[in-house]
Amino acid sequence: MFVAITRAVSPAIAACELTHLSRLPIDVERAREQHRAYERALIAAGGVVERLESDESMPDSVFVEDVAIVLDELAVITRPGAASRRHETAAVADALAEYRSLATIEAPATIDGGDVLVLGRDVFVGLSSRTNNAAVQQMRAILGPRGYAVHAVKVRGCLHLKSAVTALDDGTLLVNREWIDGKPFDRFSLVDVDPAEPAAANALRLPDRVVFPSAFPRTAERLAARGFRLEVVDASELAKAEGAVTCCSLIVMPAVVENCQPGAVA
């Protein structure tokens with residue numbers, strides 16, 4: 001069992017921050033329907049969903065992953081690269097404080113959780129338009145004493161590190177090598193996205209399955225052929241806001257979740 005912290009789709013999601021995509025109309029009600037289906041997928045996998053509210057002042061807040069990084073020992077509250085998102089952190093910090101001790105990234109550092117991939121005791125931090133070197137240094141100061149190694153990875157052509165690489169299991173990564181330097185990941189088994197689906201590298205690993213967007217059927221076939229159990233969801237409206245399946249939740253694995261009831265939406 002695990003806890004998944006989510007955040008409701010803002011009525012102002014159409015005013016979201018965009019970096020690599022052209023702005024398209026977003027159907028707010030359809031985005032909400034897709035988000036609810038995503039939450040149901042988390043519940044089906046054994047999760048307890050804790051949904052935080054949002055309002056018109058936080059268009060991007062459904063992408064709750066960017067506001068924190070959850071590890072076994074603690075959670076790191078980020079300082080998002082987009083200034084418009086920095087007031088999202090307080091509610092997320094309050095929610096995570098129920099499960100983890102907290103550390104905080106401070107100015108001049110900026111970092112989005114979407115730029116952080118935790119693989120065991122290795123933490124890969126993407127250097128992107130949202131995350132800078134000062135954040136890498138602060139992450140090393142916070143995590144080094146706890147036995148983590150923090151590695152900087154250059155990101156190109158996409159928003160976040162996890163737009164280009166995500167974990168499928170302890171030893172296997174889904175990657176688009178056009179968007180990152182693959183050398184830091186040489187010791188892992190790499191599954192390449194289908195060339196026709198460059199945005200397909202974002203997958204959400206859960207204990208017994210992988211949540212994956214329905215927009216990328218060719219890459220899904222590659223994963224199924226490797227034996228991965230897929231939970232396919234439609235995230236097409238959220239993708240217009242430059243979001244993906246890892247972005248929409250903070251997964252808190254068992255440590256202090258004994259009091260939660262499976263299937264709940266709080």
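User: Which residue just after H1 takes a positive phi?

Analyst: Just after H1, a helix in the sense of a DSSP run (H or I, at least four residues; strands are E, at least two), numbered from the N terminus, Gly 46 takes a positive phi of about 100°. This is a predicted model, in which local features need pLDDT of at least 70, side-chain atom pairs count only at pLDDT 80 or more, and totals for chains, interfaces and linings use all residues. Residues are numbered from 1 along each chain as its sequence is written, and side-chain values use heavy atoms, with hydrogens and water left out.

User: Which residues of H1 are buried, and why do they lie on the same side?

Analyst: An α-helix has 3.6 residues a turn, so residues three or four places apart point the same way. Here the buried residues (under 20% relative accessible area, 1.4 Å probe, protein chains only; exposed is over 50%, partly exposed in between) are Val 28, Ala 31, Gln 34, His 35, Tyr 38, Glu 39, Ala 41 and Leu 42. They cover an arc of only 155° around the axis, taken from the directions from the helix axis to the C-beta atoms, which puts them on the same side of H1.

User: What do the buried residues of H1 pack against?

Analyst: With contact meaning heavy atoms within 4.5 Å, their partners include strand S1 (2-7), strand S2 (47-52) and helix H5 (236-239).

User: Which residues of helix H3 are buried?

Analyst: In H3 (residues 133-143), Ala 135, Val 136, Gln 138, Met 139, Ile 142 and Leu 143 are buried. Their arc of only 165° around the axis puts them on the same side of H3, and among the elements that they pack against are strand S3 (68-70) and strand S8 (149-154).
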